[in-house]
Each structure stands twice: as C-alpha cells, then as structure tokens.
Amino acid sequence: MAKNSGHWSQGLLASMNDTNAVVDSDDTVVIIKDKYPKALFHFLVMPRQKIPYLKSVTTNDLALLEYIQKKGEEIAQRANTELKFRFGYHAVPSMSHLHMHVISQDFNSPCLKTKKHWNSFTTEYFVDSKDVIQQIKLKGIFSPDIHEMNELLKRDLRCHVCNKGFSTISSLKAHIVMHDVTVLRDS
DNA sequence: GTTCTAGAAC
DNA sequence: GTTCTAGAAC
C-alpha cells in the first residue's frame with residue numbers, strides 16, 4: 001500500500017468511489033454528499049482529474065473551475081430551490097483533492113460542532129468560487145495568506161445573517177434557526 | 001477531516 | 001455538577 005493512502009486526509013478519494021456518497025457524476029466531475037454535513041444540504045464537487053490542492057490550480061484549469069461551479073449550482077437547484085446556497089472553497093483545506101463546497105445557508109446540522117467549523121464557512125476563510133476564479137484570472141494562482149486565514153478560524157462567533165456575537169456554539173446555533181435563509185423572490 | 005477527553009467556564 | 005472548548009492523536 002502506498003504511503004499515506006490510508007491517511008484521513010485522503011478520504012475524499014475513497015468517497016468518490018462510494019456509491020452511497022456519490023449523487024452525480026460525469027466524465028469531468030464527481031459530486032458527493034459531505035460525510036459530515038454542516039447544513040441541511042452540503043455537497044462536494046470534485047474533478048476526476050487529480051488536483052491535490054487549490055494552490056496547484058493554474059490558468060490552464062479555469063475552464064474546469066467554471067464547470068465545477070456550474071455543476072454545483074445545478075445540484076443545489078436540484079436539491080432545494082428555497083434555501084440560499086454558497087459555492088466555494090476553504091482557503092486552507094484539511095482534506096486533500098480539490099473540492100468545492102455547495103452548502104445551504106441554514107447551517108442546521110448536528111455535525112456543526114466547533115468554532116472552527118463555523119468560522120470556516122462564515123468568514124473570509126470560505127472563498128466564493130467566483131472569487132477564486134477571479135483571483136486566478138488576475139494573478140495566475142490562488143495564494144491566500146495561510147497565517148491570516150488560520151487566525152480567522154479563532155475569531156469570535158458571529159451570526160452570518162445579523163452579525164450578532166455569541167460566546168458559545170450552542171447559543172449561536174439556537175439563534176440561527178430563527179433566521180429566514182430562504183431565497184428572496186420578486187412576486 | 002473526526003474522536004476523545006481534561007480541565008476551563010459556567 | 002454540568003456544559004463546553006481546545007489540543008493530541010506515533
């Protein structure tokens with residue numbers, strides 16, 4: 001067995017072949033349900049092409065990134081047309097293999113347990129796909145300040161809708177269920 | 001990424 | 001006494 005192939009950080013490669021996890025796939029991408037969803041709907045869109053990290057993406061991959069975003073928007077629309085979604089990447093992911101998060105903005109999930117979880121989806125640590133694409137177009141590479149990003153994970157808890165501060169995850173979670181996070185529509 | 005758990009916070 | 005967070009995991 002190859003060194004590190006069974007390491008936890010390689011788990012997404014296994015999930016790509018797990019028929020219980022995969023919700024959609026084609027020649028270019030595989031979409032899975034996040035194993036520990038942090039909201040009612042939480043998917044990962046991954047290229048079949050082996051791209052270990054976001055920082056290894058170049059201008060040659062822009063079409064692929066656009067396609068990943070498009071497929072993410074499709075799966076969100078198919079899953080739930082009422083809730084708001086975001087499509088983006090963690091600035092410093094823990095899991096290897098490029099993956100874009102598709103996550104509904106309710107954050108209503110028992111798997112969301114820690115300050116790190118919360119801040120990774122609600123601070124600038126979560127970078128919208130369109131901003132990643134824009135940055136690669138401008139600079140040729142996505143290169144976040146790692147130290148600055150890791151500091152964001154320690155930031156005090158704040159509601160992502162009204163910005164109210166909380167001292168514990170429990171009180172924050174009790175608060176956010178009261179917000180309407182459905183898409184606003186013209187009548 | 002999660003699990004476990006010691007000790008801080010309440 | 002219970003809730004909660006934060007750091008080790010060989």
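## Tour of the DNA contacts

Select Ser 94 and DNA strand B: an N or O atom in the Ser 94 side chain is 3.4 Å from a sugar or linking oxygen of the strand. The model on screen is predicted.

**Stop 1: Lys 38.** Keep DNA strand B displayed and add Lys 38. An N or O atom of the Lys 38 side chain is 2.8 Å from a phosphate oxygen of DNA strand B.

**Stop 2: His 117.** Select His 117 next. Its side chain places an N or O atom 2.8 Å from a phosphate oxygen of DNA strand B.

**Stop 3: the surroundings of strand B.** Widen the selection to the residues around DNA strand B: Trp 8, Tyr 36, Lys 38, His 90, Ser 94, Met 95, Lys 113, Lys 116 and His 117. Coloured by residue class, this surface splits into three nonpolar, three polar and three charged residues. Now colour the strand itself by part. Of the DNA strand B atoms within 4 Å of the protein, 54% belong to sugar or phosphate, and the rest belong to bases.

**Stop 4: strand C.** Move to DNA strand C and select the residues around it, which are Thr 168, Ile 169 and Ser 170. Which part of DNA strand C lies within 4 Å of the protein, sugar or phosphate, or bases? Of those atoms, 100% belong to sugar or phosphate.

**Stop 5: Ile 169 and Ser 170.** For Ile 169, show the backbone: one of its polar backbone atoms is 2.6 Å from a phosphate oxygen of DNA strand C. For Ser 170, show the side chain, where a polar atom lies 3.2 Å from a phosphate oxygen of DNA strand C.

Key: Residues are numbered from 1 along each chain as its sequence is written. Chains are lettered from A and ligands numbered from 1 in the order in which they are written. This is a predicted model: local features need pLDDT of at least 70, side-chain atom pairs count only at pLDDT 80 or more; totals for chains, interfaces and linings use all residues. Side-chain values use heavy atoms; hydrogens and water are left out. A residue is near a molecule or strand if one of its heavy atoms lies within 4 Å of it. A polar contact is a pair of N or O atoms within 3.5 Å; within protein, one must be able to donate a hydrogen and the other to accept it, and residues adjacent in sequence count only if both atoms are side-chain atoms. Ala, Val, Leu, Ile, Met, Phe, Trp, Tyr, Cys and Pro count as nonpolar, Asp, Glu, Lys and Arg as charged, and the others, Gly among them, as polar.
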